[in-house]
Each structure stands twice: as C-alpha cells, then as structure tokens.
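Reader: I have a structure on my screen and some questions about the terms used for it. Can we go through them one by one?

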Amino acid sequence: MAYDFNKIAHSYDRLNHLMTAGLDIAWRRKAAKAVTAGHNMPIEVLDVACGTGDLSIALSMRKCHVAGVDLSEEMLGVAINKAEQLDNEFIRPTFDIANAEHLPYPDNTFDAVTCAFGVRNFVHLDVGLKEMIRVIKPTGRIVILELSTPDNPLLRPFYNLYSRHIIPLLGKVIASNREAYTYLPNSIEHFPKGDTFIKCMMNAGAVSATQRKLTLGVCRMYTATKPNSSVSI
Ligand SMILES: C[S@@+](CC[C@H](N)C(=O)[O-])C[C@H]1O[C@@H](n2cnc3c(N)ncnc32)[C@H](O)[C@@H]1O
C-alpha cells in the first residue's frame with residue numbers, strides 16, 4: 001500500500017528543506033533545467049507525484065505548461081496555494097488527483113514527464129514507469145529525481161547515522177510523525193538505484209537512460225527518452 005502523504009502535507013516542505021539543508025530546491029531546479037534544455041518554449045509537461053508542487057512551479061518558471069498530479073489531496077492543496085502566489089508572468093500549473101499507475105491521459109500527450117522523489121513510493125514501479133512513458137510523445141523526455149544511498153563506503157557511516165537516527169528525530173519533533181521519517185530512510189535503502197534503476201527505465205520502454213549523481217549521490221537525476229517508434233508499451 002502507498003504511504004499516505006496526507007498526514008505530513010503541512011510540514012512536508014519545511015522538513016524537506018531542513019533535512020537537505022535546502023539542497024532539494026537546487027536539485028529540482030536542475031531537473032527543471034534538464035527538462036527544458038534545447039527546447040523552444042512553451043512545452044507541455046506532466047509532473048507525476050507532484051506533491052506540494054515545487055517541481056511543477058520550477059518548471060512553470062522556465063515557461064513550461066505544467067499539469068501536476070498526485071494521490072494526496074492535502075499535498076495538492078498546499079501546491080494549489082503556492083501556485084496562487086506565482087507571479088502573473090508565469091502560467092500557473094494545474095493540479096489534479098491521479099494515480100501514477102493509471103494516468104488519465106491518452107498516449108503521446110506530453111513533451112516531457114517528470115517525477116521528483118515520487119517513484120520510490122509507487123506500489124508497482126514498473127507500472128508507474130510504463131504509464132509515464134506511455135503519455136510522453138515519441139522522442140519526449142522523462143526526468144526523474146530520486147534519493148539514494150551514496151556509493152562511497154567512507155560516507156556510509158555518516159549517511160546511516162543521519163538517515164536512521166537524525167531524520168526520524170527531526171520527523172518526530174517537527175512533523176510529530178516519527179513513523180513517516182523512519183519510512184523515508186528505509187524506503188531509500190530498499191529502492192533500486194543507479195544502473196539498477198536505469199534497467200527499470202529501459203525495461204519500461206525508455207531509451208538513452210542516464211544518471212547524474214547530485215551531492216555525492218544522495219540524490220540522483222535520471223533522464224531518458226521515449227523511442228520514436230514507440231506507439232504503446
Ligand atoms: C516524497 S513526495 C514528493 C513530492 C514532490 N514531487 C516533491 O518534489 O517534493 C512523494 C509524493 O508521491 C505521491 N505518490 C505516491 N504514490 C503515488 C501514485 N501512485 N500516484 C501519484 N502520486 C503518488 C505522494 O502522495 C507524495 O505526494
């Protein structure tokens with residue numbers, strides 16, 4: 001069963017920025033840049049598992065037309081409030097409830113699909129990835145951000161201390177929810193990373209999948225394209 005983000009929606013942003021010392025903002029900016037690089041704006045982007053909307057908004061600020069979807073009504077409520085503050089020069093993202101594993105769009109709809117820190121929470125990763133690729137236009141781009149454990153063995157003891165002890169403590173103090181922030185490091189440790197995740201993208205039908213380690217590999221940006229000949233997967 002998917003973790004219910006409704007419970008932590010109102011402290012999610014604060015804790016995210018605190019736990020990553022603000023790096024999550026820079027990671028999403030890099031993802032938005034990877035989406036728009038080489039494109040004539042505007043392009044149509046679907047932001048899957050958009051949560052409180054930070055990546056959707058970063059994409060809007062780069063002149064994309066963005067549809068954000070998520071399972072959690074409370075997370076979307078925060079996103080809608082944030083988008084209302086967006087300067088009038090930008091087209092506001094639209095936000096709707098939808099399941100990444102059954103996206104309510106026809107094949108080949110979007111120029112790009114993004115997902116920041118969402119795929120780790122899918123119940124069926126393969127189904128979600130196939131759905132994301134299905135709705136992209138042929139040759140369109142998929143950009144995924146996901147947290148991961150660093151490869152460097154020298155960093156592991158520090159990473160483990162931080163993720164297993166400090167993060168759950170911060171969750172307890174700030175979100176009054178130790179459980180959610182125990183789930184977070186556990187889910188990161190058990191989720192495919194690097195080349196293994198790239199294989200998952202290729203198995204779902206993507207081509208030219210690559211990864212870029214951000215901040216010593218505690219976050220990775222995966223990019224891939226939909227093949228030109230792909231009609232339905
Ligand atoms: C860790 S948050 C990430 C939110 C946001 N993308 C960000 O950059 O902070 C994960 C989000 O994935 C959503 N989610 C999990 N499974 C989903 C699914 N199957 N379909 C749509 N959203 C899903 C959750 O509701 C939650 O808002």
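Author: Start with a loop. Ser176 lies in the loop between α6 and α7. The model is predicted.

Reader: What makes the phi of Ser176 worth a remark?

Author: Its sign. Most residues other than glycine have a negative phi. Phi of Ser176 is near 50 degrees, a positive value, and the residue is not glycine.

Reader: Why is the peptide bond from Met41 to Pro42 called cis?

Author: Look at omega, which is near 0 degrees for the bond from Met41 to Pro42. Most peptide bonds are trans. Pro42 is found in the loop between α2 and β1.

Reader: Now the ligand. What makes the link between Arg28 and the ligand a polar contact?

Author: The cut-off is a pair of N or O atoms within 3.5 Å. An oxygen atom of the ligand is 2.8 Å from an N or O atom in the Arg28 side chain. The pair therefore counts as a polar contact.

Reader: How do you know that Leu71 and Ala100 belong on the list of polar contacts?

Author: Apply the 3.5 Å limit again. For Leu71, a polar backbone atom is 3.3 Å from a nitrogen atom of the ligand. For Ala100, a polar backbone atom is 2.8 Å from a ligand nitrogen. Both pairs are within 3.5 Å, so both count. As for cover, the protein takes up 97% of the 590 Å² of accessible area that the ligand has on its own.

Reader: Which residues around the ligand come nearest?

Author: Tyr12, Ala49, Asp70, Ala100 and Ala116, out of 18 around the ligand. By class, this shell has 11 nonpolar, five polar and two charged residues.

Reader: How do you know that the ligand sits in the largest pocket?

Author: The test is that more than half of its atoms lie within 2 Å of the grid points of the pocket. The ligand is assigned to the largest pocket, so it passes that test. About 680 Å³ of space lies in the largest pocket. Its lining has 43 residues, and Phe5, Asp70, Phe117, Gly118 and Asn121 are the closest to its centre.

Reader: Which elements supply at least two residues each to that lining?

Author: Among them are α1 (9-19), α2 (23-36) and β1 (44-48). The lining divides into 24 nonpolar, 10 polar and nine charged residues.

Reader: What lines the second largest pocket?

Author: 19 residues, with Met19, Trp27, Tyr159, Tyr162 and Val218 nearest its centre. About 420 Å³ of space lies in this second largest pocket. α6 gives the most to its lining, with five residues.

Reader: How many residues in the lining of the second largest pocket are charged?

Author: None. That lining has 14 nonpolar and five polar residues, and no charged ones.

How values were computed
Residues are numbered from 1 along each chain as its sequence is written. This is a predicted model: local features need pLDDT of at least 70, side-chain atom pairs count only at pLDDT 80 or more; totals for chains, interfaces and linings use all residues. Side-chain values use heavy atoms; hydrogens and water are left out. A residue is near a molecule or strand if one of its heavy atoms lies within 4 Å of it. A polar contact is a pair of N or O atoms within 3.5 Å; within protein, one must be able to donate a hydrogen and the other to accept it, and residues adjacent in sequence count only if both atoms are side-chain atoms. Accessible areas come from the Shrake-Rupley method with a 1.4 Å probe; for residues, only the protein chains shown count as cover. On a 1 Å grid over the protein atoms alone, a cavity is a set of points where a 1.4 Å probe fits but cannot get out, and a pocket is an open set with protein on both sides within 12 Å along at least five of seven lines; lining residues have an atom within 4 Å of a point. Ala, Val, Leu, Ile, Met, Phe, Trp, Tyr, Cys and Pro count as nonpolar, Asp, Glu, Lys and Arg as charged, and the others, Gly among them, as polar. Grid points are joined across faces, edges and corners, and a volume is the space filled by probe spheres set on the points. Helices (H or I, at least four residues) and strands (E, at least two) are DSSP runs, numbered from the N terminus.
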